[in-house]
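Open the model in your viewer and keep the sequence panel in sight. The stops below say what to select and what is found there.

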Amino acid sequence: MAEPQDGADERSEPQLLGERREKLERLRGAGIEPFPAEFAGRVEIAAVHAAHDGLEAGEETEDAYRVAGRIAARRGHGKAAFIDLVDASGRLQLHSRADVLGAEVHERLAGLDLGDIVGVDGVAFATRRGELSLQVTGWTLLAKSLRPPPDKFHGLEDTELRYRHRELDLIANPESRELFRKRGATIAATREWLDAEGFVEVETPVLQPLYGGALARPFTTHHNALDRDLYLRIATELYLKRCVVGGIDRVYELGKDFRNEGVSYKHNPEFTMLEWYEAYADYSDAARRHENLVAHVAERVLGTTTVERGGVEIDLAPPWRRVTLRDAIRERTGVDVLEHPTREALAAAMDSEASPDDGWGKLVDGLLSKEVEPHLIQPTFVIDYPVETSPFAKRHRSEDGLVERWEAYVGGFEISNAYSELNDPDEQRRRFAEQAEELRRGDDEAQPFDQTYIEALEYGMPPTAGVGLGIDRLVMLLTGAASLREVVLFPAMRE
């Protein structure tokens, strides 16, 4: 018995699964292998459309094709049936007729379940209504679907289910497949731009004896053979700068980082980051490279540098606005953070109540993230941060107490972070010591003391600019996604 062609199926899940299992055994009993090893010579459905979308209603051809995909819909009964086939490139109607295939072969095809994967040979024609179709001349079952697919009319709308079982989301929702195609194109275009600019892609350890390069809590694991604890990296920064020390003047890595933190619409404990470092450059050079890279990627992925978010049109074309962190906070809150250089003074000047555990740097960061960030819709570099919030950035060449650092904001959230990199080993040692003291006091996001990195700096690192760009957030921006979970195939979820 075939499943209903229209509307919701009211049978229980055990009943549906049982019927599909029974059909599997009947196919095997008839000598049909339901999971063959190959189907050679297929073309994508998009190629059939490209060749024949101009056919007139009722027009026939002699052009034969071999396609394969998943059965998404079925109409008709008796001696003729129409079946919709879907592959990664599109959707195509099949026309099965008993007088062409023979009654038994036609009946088996028409009786397959929604979700079954089949290979089909057929000839292109346009129906009397003008729809491009294949007249089926032969078919092969390639994989029997033992579970019913999501409702073909309503798609998969349960957000939790979409994230937990992304394969169902991809089956049911073409827009999800398109989003992840754009994600792949974003990564490819990023590599294309960096490679063309002379950057060398490298791979650094994911399992590290000491985490570093960011202020974050790490994941810890244990290596049995070495009998030592290791950490999943929170950033690639320190290893990449050791490459610069070694003479790779332009270097980048594009891969996963891991931070043991909460989840939100813009946070996932594992995420994809691009970091690049360029010798003989500073944070101003990095800003120009960054805005050119993002514009290039948008052009490649979308065909335009203009995106829309929250009903607002955003233009990613250079140049982007620059504003100091001091001015950005003062414009939104009236508080001049540099006029309140102690934790007590700044807490008193703020409208909101400050946590007693937050130091001066965290109060500044809180003002930026809560009061300023949501309003930074057009592309903006917020520049010149306090040294307390930036343990790896070079001191500002003209402003005491600041470092040469920027963060890039678009659409109301941060997408990247950059410095003129600190290359003075003695200053780095002093800042590591300060961070280690914060770690000892209970700040589990502080940076541990990394003697190996200091020794690398002592060999000499040229003036260097470094950038960390969040790929997941960039994809959110380019696709209009409201949450990071939309653009991560398999996001972290509660049990």
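Begin with the largest nonpolar core, which has 45 residues. To find its middle, select Leu274, Trp276, Leu316, Trp320, Trp406 and Val487, the residues with the most contacts inside this core. Then add helix H9, residues 283-302, which supplies the largest share of the core, eight residues. Keep in mind throughout that this is a predicted model.

A second core of 38 residues lies apart from the largest one. Select Val244, Leu363, Val382 and Val387, which are among its members. As background, nonpolar side chains in soluble globular proteins tend to be buried together.

Go back to Val487 and show its surroundings. Leaving out residues up to four places away in sequence, valine 487 touches Leu179, Phe180 and Arg183, and also Asp472, Val475, Met476, Thr479 and Ala481.

**Phenylalanine 271**

Select strand S11, residues 270-279, and pick out phenylalanine 271 within it. Is phenylalanine 271 buried or exposed? Its relative accessibility is 10%, and the limit for buried is under 20%, so phenylalanine 271 counts as buried. Its contacts, not counting neighbours within four places in sequence, are Gly255, Lys256, Asp257, Phe258, Arg259 and Asp472. Asp472 is also on the contact list of valine 487. Now draw a distance from the C-alpha of phenylalanine 271 to that of valine 488: the two are 217 residues apart along the chain, yet the separation is 8.2 Å.

**Helices H7 and H9**

Keep H9 selected and add helix H7, residues 174-196. The two axes are 9 Å apart and meet at an angle of about 135°, so H7 and H9 are oblique to each other. The crossing is right-handed. On the H7 side, show Arg181, Lys182, Ala185, Thr186, Ala189, Thr190, Glu192 and Trp193. Facing them in H9 are Arg289, Asn292, Leu293, His296, Val297, Arg300, Val301 and Leu302. Coloured by class, this contact shows seven nonpolar, four polar and five charged residues.

**The loop after H9**

Move along the chain to the loop between H9 and strand S12 (306-309), and select threonine 304 there. Threonine 304 has 28% relative accessibility and so counts as partly exposed. Apart from neighbours within four places in sequence, threonine 304 is in contact with Ala298 and Glu299. Leucine 316, already selected for the largest core, is 12 residues from threonine 304 in sequence, with 8.9 Å between their C-alpha atoms.

**Helices H13 and H14**

Next, select helix H13, residues 425-440, together with helix H14, residues 451-458. How do their axes cross? They come within 9 Å at roughly 165°, so H13 and H14 are roughly antiparallel to each other. This crossing is right-handed. Show Pro425, Gln428, Arg429 and Phe432 in H13, which meet Tyr453, Ile454, Leu457 and Glu458 in H14. By class, the residues of this contact are five nonpolar, one polar and two charged.

**The whole chain**

Finally, clear the selections and zoom out. The C-alpha trace spans about 85 × 55 × 50 Å along its principal axes. Coloured by secondary structure, the chain shows 16 helices and 18 strands. Of its 495 residues, 49% are buried. Among contacts between residues at least 6 apart in sequence, 64% join residues at least 24 apart. The pair of phenylalanine 271 and valine 488, 217 residues apart, is a place to return to with this in mind.

Key
Residues are numbered from 1 along each chain as its sequence is written. This is a predicted model: local features need pLDDT of at least 70, side-chain atom pairs count only at pLDDT 80 or more; totals for chains, interfaces and linings use all residues. Side-chain values use heavy atoms; hydrogens and water are left out. A nonpolar core is a set of buried Ala, Val, Leu, Ile, Met, Phe, Trp, Tyr and Cys residues joined through side-chain atoms within 4.5 Å. Buried means under 20% relative accessible area, exposed over 50%, partly exposed in between (1.4 Å probe, protein chains only). Helices (H or I, at least four residues) and strands (E, at least two) are DSSP runs, numbered from the N terminus. Contact means heavy atoms within 4.5 Å. Axes are lines fitted to C-alpha atoms, for helices over the stretch in contact, and angles run from 0 to 180 degrees between N-to-C directions. Angles under 35 degrees count as roughly parallel, over 145 as roughly antiparallel, 65 to 115 as roughly perpendicular and the rest as oblique. A crossing is left-handed if the near helix is turned anticlockwise from the far one by less than a right angle, and right-handed if clockwise. Ala, Val, Leu, Ile, Met, Phe, Trp, Tyr, Cys and Pro count as nonpolar, Asp, Glu, Lys and Arg as charged, and the others, Gly among them, as polar.
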